[in-house]
Structures are given as structure tokens and as C-alpha cells.
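Let's take a walk through a protein model together. Have the sequence and the 3D view open as you read.

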Amino acid sequence: MYESYKQRNEIEVMFDSYKNYLDADVSYMQNRYVMKVWLFVNFLAMIAYCKLCERLRQAGSLSEYSPKNIIELSKAIYKMKIRSIWRRL
């Protein structure tokens with residue numbers, strides 16, 4: 001019973017992050033097809049967020065980092081091709 005309750009809490013936390021951090025609770029869509037694509041992309045984003053959370057849990061880093069921290073850190077990573085060589089900046 002405890003495991004079921006714990007999973008329920010994790011799901012609520014995921015949806016909370018979905019709405020608050022990913023700003024996916026408002027669509028602003030006016031076209032039915034665009035809305036379908038928007039839903040699909042947000043579904044993929046939620047899957048990626050859950051996988052990131054699971055990898056952090058498996059690595060034992062969830063107490064140090066949150067998925068939000070990792071996303072913020074990864075925004076600063078860029079790759080550029082300079083003279084036929086890919087470089088990370």
C-alpha cells in the first residue's frame with residue numbers, strides 16, 4: 001500500500017513539474033492539428049523528464065540534483081562545428 005501511495009505522489013510531482021516548470025498547461029492553439037502536435041510534443045517531453053528523474057534515482061544523485069537542475073545545466077551546453085571539428089562550448 002505504501003508503494004502505491006509513493007508512486008501516486010511521484011506522478012503528482014511529475015504533473016506538477018509538467019505544468020509549472022515546463023509551462024505546458026496553456027496551449028494557445030487555434031488549429032486542431034497544431035493542438036495534436038503540441039500534445040504529442042508535450043507527451044514526449046514528459047517521458048524524457050520521467051526518464052531523467054529515473055536515471056538520477058538510479059545514480060543516487062536525486063538528493064543532490066533535481067531534473068530541473070539538470071535541464072538548466074544542459075541549456076548552457078553548445079556544440080559548434082569549427083573547421084570540420086565538433087567542439088563543445
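What follows goes from the overall layout to the surface and then to the charged pairs.

Keep in mind from the start that this is a predicted model. The protein chain has 3 helices and 2 strands, and from the N terminus on they run α-α-α-β-β. Of the 89 residues in the protein chain, 16% are buried. If you look at contacts with a separation of 6 or more, residues 24 or more positions apart account for 27% of them.

Now turn to the outside. The protein chain exposes about 7900 Å², and carbon and sulfur atoms supply 58% of that area. One place to rest your eye is a nonpolar surface patch of about 560 Å², made by Val 37, Phe 40, Val 41, Phe 43, Leu 44 and Ile 47. Phe 40, one of these residues, is found in helix α2, which spans residues 32–59.

Stay with helix α2 for the charged pairs. Side chains of opposite charge can pair when their charged atoms come close. The structure holds 2 salt bridges. In one of them, the side chains of Glu 54 and Arg 57 meet at 2.9 Å, N to O. Both residues lie in helix α2, 3 residues apart, or about one turn of the helix. Glu 54 counts as partly exposed because its relative accessibility is 33%, and Arg 57 counts as partly exposed too, at 34%.

Further along the sequence, Lys 75 forms a salt bridge with Glu 72, with the closest N and O atoms 3.2 Å apart. Glu 72 has 39% relative accessibility, so this residue counts as partly exposed.

Technical notes: Residues are numbered from 1 along each chain as its sequence is written. This is a predicted model: local features need pLDDT of at least 70, side-chain atom pairs count only at pLDDT 80 or more; totals for chains, interfaces and linings use all residues. Side-chain values use heavy atoms; hydrogens and water are left out. Patches are made of residues with over 30% relative accessible area and no salt bridge: like charges are joined within 9 Å, nonpolar side chains (Val, Leu, Ile, Met, Phe, Trp, Tyr) within 5 Å. Accessible areas come from the Shrake-Rupley method with a 1.4 Å probe; for residues, only the protein chains shown count as cover. A salt bridge is a side-chain nitrogen of Lys or Arg within 4 Å of a carboxyl oxygen of Asp or Glu. Helices (H or I, at least four residues) and strands (E, at least two) are DSSP runs, numbered from the N terminus. Buried means under 20% relative accessible area, exposed over 50%, partly exposed in between (1.4 Å probe, protein chains only). Contact means heavy atoms within 4.5 Å.
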